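Me: I am new to this structure and should be grateful for a close look at one part of it. Please give one connected account, and relate that part to its surroundings.

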Amino acid sequence: MTRLNTHSPKLKKSDIKLKLFLLLLISLVSLRLHAQYVALKSNLVYDAIAVPSLGSEVRLDSTLTFSLSSTYCPVSYGGTRKWKNWSVQYELRHWFRKAFNGPFVGVCGINGGFNLNRIPFFGLSHHRAEGNFNGAGLSFGWHRILSPHWGIETSVSAGYLHLRYRHYRDGRYGYLEYTKSSDYFGPVGLSVSLVYIIR
């Protein structure tokens, strides 16, 4: 008889609604921008560690933009080892020169989830952790123009994350050991992004 895992990973309805709302917001803003700029980007740092990323950013006025970026990694390795995670970061940015040129500061929010099993760090060599996180912070960055359509953007974000997760013992009949919440203050994002600007 097959044992059912009643704690299998599920997206909460609130998480799904938040994602759909943010995607709808970006879509609506993009449709209203006639002569404005829209940028598409990919974070090369996350791409290099096999965590695919995709982002977009729209110009609201000459020095203000709204950015939305996401990551999703559905990787399972041999056996029961896995590294699965997703995140969405939304950010309002102020540019000191003009949008998509030079330095900027931003206020950001971040949401995400993870399901990690038998990985050689975070004390999970023989355990599994599954949970989600929410937080906010400040970002600082710089956009370097390479051509009329291409650019490179670097940024770092620091702030607060609240994590809530379930910790399981590894094995065929792995059992729930405990549920824990924790708070984190420090770096929450790093990006070196290739940017394509649609004019």
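My request concerns the lining of the largest pocket: how do its residues divide into nonpolar, polar and charged?

Reply: The model is a predicted one, and every statement below should be read in that light. The lining of the largest pocket comprises 24 nonpolar residues, 18 polar residues and four charged residues. In total, 46 residues line this pocket, and its volume is about 1,200 Å³. The lining residues that lie nearest the centre of the pocket are Tyr46, Ile110, Phe133, Leu161 and Val188. As general background, rolling a probe the size of a water molecule over the atoms shows where empty space is left.

To place the pocket, it helps to survey the protein as a whole. The protein contains two helices and eight strands. Along the sequence, these elements follow the pattern α-β-α-β-β-β-β-β-β-β. Of the 199 residues in the protein, 39% are buried.

One of the residues nearest the pocket centre, Leu161, also appears in a pair of positions brought together by the fold. Asn111 and Leu161 are 50 residues apart along the chain, while their C-alpha atoms are separated by 8.9 Å. Asn111 belongs to strand E5, which covers residues 102–117. With a relative accessibility of 8%, Asn111 counts as buried. A second pair of this kind is formed by Ser69 and Leu54, which are 15 residues apart in sequence and 5.8 Å apart in space, C-alpha to C-alpha. Ser69 is part of strand E3, residues 64–76. Unlike the buried Asn111, Ser69 is partly exposed, for its relative accessible area is 28%.

Charged side chains also link the strands. General background is useful here: side chains of opposite charge can pair when their charged atoms come close. The structure has seven salt bridges. One of them joins Lys41 to Glu153, with 3.1 Å between the closest N and O atoms. Lys41 is in strand E1 (residues 38–43) and Glu153 is in strand E7 (residues 150–169), so this pair ties together parts that are 112 residues apart in sequence. Both Lys41 and Glu153 are buried.

Another salt bridge is made by the side chains of Glu57 and Arg93, at 3.0 Å from N to O. Because Glu57 lies in strand E2 (residues 53–61) and Arg93 in strand E4 (residues 82–95), the pair ties together parts that are 36 residues apart in sequence. Glu57 has a relative accessible area of 0% and is therefore buried. Arg93, at 3% relative accessibility, also counts as buried.

Arg166 and Glu130 provide a further example, their side chains meeting in a salt bridge of 2.9 Å, N to O. Here Arg166 is in strand E7 and Glu130 in strand E6 (residues 127–145), so the pair ties together parts that are 36 residues apart in sequence. The two partners differ in their exposure: Arg166 is partly exposed, with a relative accessible area of 27%, whereas Glu130, at 5%, counts as buried. In addition, salt bridges with shared partners join Lys41, Glu57, Glu91, Arg93 and Glu153 into one network.

The surface deserves attention as well. A nonpolar patch is formed there by Leu40, Leu44, Leu146, Trp150, Leu194, Tyr196 and Ile198, which together have about 600 Å² of accessible area. The element that gives the most to this patch is strand E8 (residues 176–198), with three residues. Tyr196, one of the patch residues, is situated in strand E8. Its relative accessibility is 31%, and Tyr196 therefore counts as partly exposed.

A final detail concerns the backbone. As a general matter, most residues other than glycine have a negative phi. Phe100 has a phi near 65°, a positive value in a residue other than glycine. This residue is placed in the loop between E4 and strand E5. Phe100 has a relative accessible area of 2%, so it is buried.

To return to the part requested: the lining of the largest pocket divides into 24 nonpolar, 18 polar and four charged residues, with Tyr46, Ile110, Phe133, Leu161 and Val188 nearest the centre.

Technical notes
Residues are numbered from 1 along each chain as its sequence is written. This is a predicted model: local features need pLDDT of at least 70, side-chain atom pairs count only at pLDDT 80 or more; totals for chains, interfaces and linings use all residues. Side-chain values use heavy atoms; hydrogens and water are left out. On a 1 Å grid over the protein atoms alone, a cavity is a set of points where a 1.4 Å probe fits but cannot get out, and a pocket is an open set with protein on both sides within 12 Å along at least five of seven lines; lining residues have an atom within 4 Å of a point. Grid points are joined across faces, edges and corners, and a volume is the space filled by probe spheres set on the points. Ala, Val, Leu, Ile, Met, Phe, Trp, Tyr, Cys and Pro count as nonpolar, Asp, Glu, Lys and Arg as charged, and the others, Gly among them, as polar. Patches are made of residues with over 30% relative accessible area and no salt bridge: like charges are joined within 9 Å, nonpolar side chains (Val, Leu, Ile, Met, Phe, Trp, Tyr) within 5 Å. Accessible areas come from the Shrake-Rupley method with a 1.4 Å probe; for residues, only the protein chains shown count as cover. A salt bridge is a side-chain nitrogen of Lys or Arg within 4 Å of a carboxyl oxygen of Asp or Glu. Helices (H or I, at least four residues) and strands (E, at least two) are DSSP runs, numbered from the N terminus. Buried means under 20% relative accessible area, exposed over 50%, partly exposed in between (1.4 Å probe, protein chains only).
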